[in-house]
Amino acid sequence: MSSSEPPSAGRGQGVGDSAVYDELSAWYDERNRAAAVALAPELEALLPPDLGTCLVLGCGTGQYFHVLRPRARRLVGLDLSGQQPPSRGRD
């Protein structure tokens, strides 16, 4: 899916409806991949060497986990979609 527009499935549903985010996860991952790669060095420069336990709210598909993981003793990602981090093979 290469469209810049999100899939139409789920439009009109509430923001808290996890089904909407489940359907958008692949689109989001593809659409934001280049930006996540480009911004990773800037994020890394802002982080202290030891994050301890790191909670990422709204983590989406976990595109920045590779930057956080080496500095976090424990990395926890939460997202409205139940399909996101665990099913995407990330922490």
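**Strand E1 and the nonpolar core**

Leu-55 lies in strand E1 of this predicted model.

Reader: What makes Leu-55 part of a nonpolar surface patch, and which residues share that patch?

Author: The patch of about 320 Å² is made by Leu-55, Leu-57 and Leu-78. Residues enter such a patch with over 30% relative accessible area, and nonpolar side chains are joined within 5 Å, so these three leucines are counted together as one nonpolar surface patch.

Reader: Which residues does Leu-55 contact beyond its neighbours within four places in sequence?

Author: Leaving those neighbours aside, Leu-55 is in contact with Val-76 and Leu-78. In addition, Leu-55 and Arg-74, 19 residues apart in sequence, are 8.4 Å apart in space from C-alpha to C-alpha.

Reader: Why is Cys-54 called buried?

Author: Its relative accessibility is 12%, and buried means under 20%, so Cys-54 counts as buried. Cys-59 is likewise buried, because its relative accessible area is 9%, again set against the cut-off of under 20%.

Reader: What makes up the largest nonpolar core, and which elements give two or more residues to this core?

Author: The core has 10 residues in all, among them Cys-54, Cys-59, Phe-65 and Ala-72. Strand E1 (52–57), helix H2 (65–68) and strand E2 (72–78) each give two or more residues to this core, and H2 gives the most, with 3 residues. Beyond four places in sequence, Ala-72 touches Leu-51, Gly-52 and Cys-54.

Reader: How many disulfides does the structure hold?

Author: The structure holds 0 disulfides; a pair of cysteine sulfur atoms would have to lie within 2.5 Å to be counted.

Key: Residues numbered from 1 in each chain as written. Predicted model: local features only at pLDDT ≥ 70, side-chain atom pairs only at ≥ 80, totals over all residues. Heavy atoms only, no water. Core = buried A, V, L, I, M, F, W, Y, C linked by side-chain atoms within 4.5 Å. Buried < 20%, exposed > 50% of the residue type's maximum accessible area, 1.4 Å probe, protein only. Helix = DSSP H or I, 4+ residues; strand = E, 2+ residues; numbered from the N terminus. Contact = heavy atoms within 4.5 Å. Patch = residues over 30% accessible without salt bridge, like charges linked within 9 Å, V, L, I, M, F, W, Y side chains within 5 Å. Areas by Shrake-Rupley, 256 points an atom, 1.4 Å probe, with all protein chains shown as cover. Salt bridge = Lys/Arg side-chain N within 4 Å of Asp/Glu carboxyl O.
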